[in-house]
Amino acid sequence: MTTASIGRFVILASVLVSTGGAVIGFYAGRSRSRAGLQWARRFAYGYALLMIAATAVMEYALLTHDFSVSYVAHVGSLTTPTWVTIASLWSSLEGSILFWGFILGIYIAVATYLTRKHNDEYMPDAIGVWLSCAAFFSFLIAAPANPFLSVAPAADGPGPNALLQNHILMVIHPPFLYLGYVGMTIPFGLACAALIQGRLGHSILKPLRAALMLPWIFLTIAIMLGGWWAYEVLGWGGYWAWDPVENASLLPWLTATAALHSMVVLERRGVLKGWTITLIQSTFLLTILGTFMTRSGVFNSVHSFTQSAIGPTILVFLAAVLIFSIVLLALRIDRLEADGNFDSGVSREGMFLFNNLLFVVLTFTVLIGTVFPLIVEAVRGKQMSVGRPYFDSMVVPVGALLLFLLGVGPALPWGGATAKQIRRALLPPIGGAFVLLALGFAFGARNPWTLITLAFGGYAAQVTLSQMRSPVTQLRRARRRFASYVVHSGVVIVFVAIAISSTMRYTQEVHLTKGGSANVGAYTITLIGVDERHEPNRFATVARFDVAKNGVHKTTLEPRMNQYVAMREPIGTPDVYSTIGGDFYLSVMNIDAGAQSVAVNAIITPFVGWIWGAVILMGLGGVMALVPQRTAREHVVIPVIEDAVEA
Amino acid sequence: MNRTVLFVGFFIAVAVIGVLFVGLGKDPQVIDSPLIGHAAPPFALKAVGSGETINLAQFRGRPVVLNFWATWCGPCYEEHPTLVANARQMQPSVQFLGVVFQDTEDQIQKFLNERGNAYPTVIDDAGKTAIAYGVGGVPETFFLDKNGTIVAKFAGPLNTETLQSYLQKAMKQ
């Protein structure tokens, strides 16, 4: 038996097991059969094992350079380093779908295991939905995107997409993105199970929140890693370009963030049940839309896989999930009765509602901007693109309002407040707003949106920090509440850093020959020389610069041009000197080793590094919220803390 | 059954799926060029090998496949056999013409000797022709009808199916 045929066999088995498990799950949900649920669980574990096996077979084929396996022939190469070979699994279409199945298998197995003792009324249908999605992806792997086809073995292959080989972040970014995207299947299954059962009881909220939080953490970090990669690799000194596929990762993040907030209101006040479920369903649908965007060849983007036959198949799946979700929602939403009610708009829950509204507005704004070129082409037959000005002008004001709410919301009490309480809560943080505004102004910020962001950021920062007093006590007694403020503090830093780094950038083009120097802001760069380097998988032309600040040597930067055999154009790789205050960035525009001359774009960007750090802080906050709070085993009587459940 | 949810949901579903479905048929590699529908910018360039000057105007009267490429471009290796095979089959009723830029004659000659040479290739030394055609990268292929009007432009490596579909368009004119 060849490696390719083993792979095909395992995938076919996974189609059968996932389909069978889905049928059993739905049957067990309808008949309330305990034995049926047990069998559905076994099938879920079986599916996971098969996906792990299939992925192991593929990695084995990649590492042993078995060019008789079609995917290895397509992306493998004897010259690529081992880490690139391992990462080749997700470097091209077929392998990336297999990787999707692998992660889905692990998610399903872990979710099935963790819920084995609770929520028996929801779990059969949840497993049914999970395995239905699994069956679709197994079908994709088995038929239109089969990576295990047998081909006549070549002596060597072309190697994976050169962009993947160009930076280590490109190896880390896709797995995080998949962990975020694929993980949204789990809350989707739980939400659908709640709809099928016609109730959303308190017992399911905890697993639902955890199931949403975990992929949210991965997606948050994945979006940041993508931006960081673009910044480190693409050479234009920016980190976000409103590229269709960047938008595709942002869309489910927006709805998932909205859902995490509406769940707080749901847990606290027993309202917004149907709304929360709609947001969770939308999140999953948007991940499928994102998958369609990257793999259909419809959108032109740095992320697009080449044109393939799986676009229509994914579109059919998207349509099926959309119709299933709508019908289920229409049939059952009226059964999800609210357990409580809204007392007042000027309250914590009122602000949560407003926050949700803004997130939905943002989602629609980005979605419309992304698909608008398709609409125009369909209606008028003309190509066009929606550029940065649209997104910036639409998103920045809504983003600023969200930042404002991030300050006002947590300052207000639950359930409504008197005028005096409102004044007492909302007036003091104005001090924080003035402090940050004045600081920004002193350091030269003049852009109106930057100043507004600084003011709202200062306000939110004061509210957030005042809620985070006595962290040790809070970590023990109100961990989730504390964790949410950790996330919020990360968000405040991200907003402020984006505002400053995008409006206070300094760019200068510099042409130098060997030994020449130029001043860029406070920095002086000197061209030491231009080298040509032959590396196993590429050919590089490297410029070496000495970088000094105020006459003191700081570092040596080596921006370069890499030429990979399989690429149309060489890829420039910038080099960056990062400090707490900002980055000094050199990107090659033109380089000539013979003449020892180079033209570089030198960019000074204040605070840009804070974005990466702050997003990691957001992720840490999310992890903190996931860790269960141990209160039951402690024998100390804990006084009830106001707002202890959640911020 | 909540009819509002059903109707609003279906409205959104039909809109989203409809737009994506229409988008499916399109290929983002097909780039609109302001030159489409206009006369191809004229040029007279030196041919690799023979050294004679080839004028685009001399092919008036039959469709032309004008392929911009270079020996340092990976995808050009990929599409070269397709171009050679189709040229051998379709010439002289269709003229194939390669334009190489940012390259040396030795390299080009070596490439053609090793990988097949079925049609004339000219060198765009200063890159002026590539600029006149708005070439953003190689390979890029322009399809001209028999009157010398640009009918279509394709960026990236061609396969036979794509090449033939554009050529049909150029031959219809």
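1. Two strands count as paired when DSSP finds at least two bridges between them. The model discussed here is predicted. By that criterion, strand S8 (residues 575-578) of chain A pairs with strand S9 (residues 582-592) of chain A in the antiparallel sense, over four bridges. Within this ladder A:Ser578 stands opposite A:Asp583 in S9(A), and A:Val576 has A:Tyr585 in S9(A) as its bridge partner. The link from S8(A) to S9(A) is a hairpin through three residues.

2. S9(A) also pairs with strand S10 (residues 597-606) of chain A, again in the antiparallel sense, with ten bridges between them. One opposed pair is A:Ile591 and A:Val598, the latter in S10(A). The hairpin of S9(A) and S10(A) has four residues between the strands, and A:Gln596 takes a positive phi near 50° there.

3. These strands belong to an open sheet of four strands in chain A, ordered S1-S10-S9-S8, with antiparallel pairing. Strand S1 (506-513) and S8 of chain A are the edge strands; each has a single partner strand, so one side of each lacks a neighbour in the sheet. On average, neighbouring strands of this sheet are turned by 20° against each other, direction ignored.

4. Helix H21 (residues 608-626) of chain A has 19 residues, which should span 27 Å at 1.5 Å a residue; the end C-alpha atoms are 29 Å apart, in agreement with that value. Its buried residues are A:Val608, A:Gly609, A:Trp610, A:Ile611, A:Ala614, A:Val615, A:Met618, A:Gly619, A:Gly621, A:Gly622 and A:Ala625. The cover over the buried residues of H21(A) includes the strands S8, S9 and S10 of chain A, together with helix H10 (202-233) and helix H20 (479-503) of chain A.

5. Helix H12 (residues 273-295) of chain A has 23 residues and runs 34 Å from its first C-alpha to its last, close to the 33 Å expected at 1.5 Å a residue. H12(A) is mostly covered, with 22 of its 23 residues buried.

6. Helix H2 (residues 34-63) of chain A and helix H5 (residues 93-114) of chain A have axes that come within 8 Å and cross at roughly 145°. The crossing of H2(A) with H5(A) is left-handed. On the H2(A) side the contact residues include A:Arg41, A:Ala44, A:Tyr45, A:Ala48, A:Met51, A:Ile52, A:Thr55 and A:Met58. Those they meet in H5(A) include A:Gly95, A:Leu98, A:Phe99, A:Phe102, A:Gly105, A:Ile106, A:Ala109 and A:Thr112. By class, the contact of H2(A) with H5(A) comprises 14 nonpolar, five polar and one charged residues. An α-helix has 3.6 residues a turn, so residues three or four places apart point the same way.

7. In chain B, is B:Thr82 buried, exposed or partly exposed? B:Thr82 is partly exposed, because 16 other C-beta atoms lie within 10 Å, whereas 20 or more would make a residue buried and 12 or fewer exposed. B:Thr82 is located in helix H2 (residues 74-90) of chain B. Leaving aside residues up to four places away in sequence, B:Thr82 touches B:Leu158, B:Asn159, B:Thr160 and B:Leu163. B:Ser165 is 83 residues from B:Thr82 in sequence, and the two are 14 Å apart in space, C-alpha to C-alpha.

Key
Residues are numbered from 1 along each chain as its sequence is written. Chains are lettered from A and ligands numbered from 1 in the order in which they are written. This is a predicted model: local features need pLDDT of at least 70, side-chain atom pairs count only at pLDDT 80 or more; totals for chains, interfaces and linings use all residues. Helices (H or I, at least four residues) and strands (E, at least two) are DSSP runs, numbered from the N terminus. Axes are lines fitted to C-alpha atoms, for helices over the stretch in contact, and angles run from 0 to 180 degrees between N-to-C directions. A crossing is left-handed if the near helix is turned anticlockwise from the far one by less than a right angle, and right-handed if clockwise. Two residues are in contact if their C-beta atoms, placed from the backbone, lie within 7 Å. Ala, Val, Leu, Ile, Met, Phe, Trp, Tyr, Cys and Pro count as nonpolar, Asp, Glu, Lys and Arg as charged, and the others, Gly among them, as polar. The expected span of a helix is 1.5 Å times one less than its number of residues.
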